[in-house]
Amino acid sequence: MFDEVVDPHIRIIKKSNIEEFLGKIKAFKDLSKESIRLLDKRIQKLKFKKGEILFTEFDEARGVFFVDHGIVKLTKLDENGNEIIVCIKKEGEIFAEACLFNEQMSNYPATATMVQAGEIFFLNTEKLEQELLHSPELGVRIIHYMSEALRDMTLSLRDVTMLDVQTKTIKTLEKLARKFGERVHNEVHVELPVTVQEFASLVGSSRESVSRVFSKLKKEGIIVASGKKIIIPDWNHFCSLTTK
């Protein structure tokens, strides 16, 4: 196991079954026993409370993180010191993977904060890269995951720069509903893991503009909203709004 300490506030807790955990992660699902063994001897499980910071964009990058359970937001500061949400990670997702295979990156790409208390797995970057040399299967899985993450980020950047506020708001809500919502027949219930201000930063617009779009969607019966709780009565219709 590691001797390193990621952060002085981290509490290391007993590991759960590594195969069960890896089964939650698309990139690592159905790995061979050998690849699982390599990960098992390198991994740490860390516990965080709601609101705790795992690392900041100014900290030295030392590893890759995986969400066992809980919700994590990745943020960056703009030139005026405002917090911009880059993405939100939930159970079974990876973050800080940009630190892999990158000798020039000395700091983490963003600040990671727990939106919901949970447990996170940590793999030291240097030691993980050493193991990848002995496990081509594991290396290919991670490369595939990073390729998909880069594609998704490119599409998100395109949406932020090219789409109008209403379309961006609907697409962002659709993504969060797919990730955090519960579907019953054609109706979706979702409790947003972020505030309206944070949602607006995901959209790439002002809170006022996003609030106006939400008001319009509520008036038209497309959504029913109360605080962070949102009901989408007709999911198929909702999804079609961004394709017209």
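These are my notes on the cores, one sheet, the empty spaces and a few single residues of this predicted model.

**Ground rules.** I'm working from a predicted model, where local features need pLDDT of at least 70, side-chain atom pairs count only at pLDDT 80 or more, and totals for chains, interfaces and linings use all residues. Residues are numbered from 1 along each chain as its sequence is written, and side-chain values use heavy atoms, with hydrogens and water left out.

**Cores.** I looked up the largest nonpolar core and got 28 residues. A nonpolar core here is a set of buried Ala, Val, Leu, Ile, Met, Phe, Trp, Tyr and Cys residues joined through side-chain atoms within 4.5 Å. Buried is under 20% relative accessible area, exposed is over 50%, and partly exposed is in between (1.4 Å probe, protein chains only). Ile 88, Leu 173, Phe 199, Ile 223, Ile 230, Ile 232 and Phe 238 touch the most other members. Elements giving two or more residues include strand E5 (83-89), helix H5 (165-180) and helix H6 (196-203); H5 gives the most, with five residues. I take helices (H or I, at least four residues) and strands (E, at least two) as DSSP runs, numbered from the N terminus.

Next I checked Ile 232 for contacts, meaning heavy atoms within 4.5 Å. Not counting residues up to four places away in sequence, Ile 232 touches Ala 177, Asn 186, Glu 187, Val 188, Ile 222, Ile 223 and Phe 238. Apart from the largest core lies another, of 21 residues, with Leu 22, Ile 36, Leu 39 and Val 64 among them.

**Sheet.** I traced an open sheet of four strands in the order E8-E9-E11-E10, with antiparallel pairing. Two strands pair if DSSP finds at least two bridges between them. At the edges sit E8 (182-184) and E10 (224-226), each pairing on one side only. From one strand to the next the twist averages 15 degrees. H5 packs on this sheet and touches E8, E9 and E11, its direction making about 90 degrees with that of E9. For angles, axes are lines fitted to C-alpha atoms (for helices over the stretch in contact), and values run from 0 to 180 degrees between N-to-C directions. E10 and E11 pair over three bridges.

**Empty space.** I used a 1 Å grid over the protein atoms alone: a cavity is a set of points where a 1.4 Å probe fits but cannot get out, a pocket is an open set with protein on both sides within 12 Å along at least five of seven lines, and lining residues have an atom within 4 Å of a point. Points are joined across faces, edges and corners, and a volume is the space filled by probe spheres set on them.

The largest pocket holds about 1,700 Å³. It has 48 lining residues, with Cys 87, Lys 89, Asp 152, Met 153 and Ser 156 nearest its centre. H4 supplies the largest share of that lining, 14 residues. I counted one cavity of 30 Å³ or more. The largest cavity has about 40 Å³ of space, and its lining includes Phe 28, Val 64, Phe 66 and Tyr 145.

**Single residues.** Thr 75 lies in strand E4 and counts as buried because its relative accessibility is 3%. I then looked at two non-glycines with positive phi: Ala 96 at about 70 degrees and His 185 at about 60 degrees. Ala 96 is buried at 9%, whereas His 185, in the loop between E8 and E9, is exposed at 75%.
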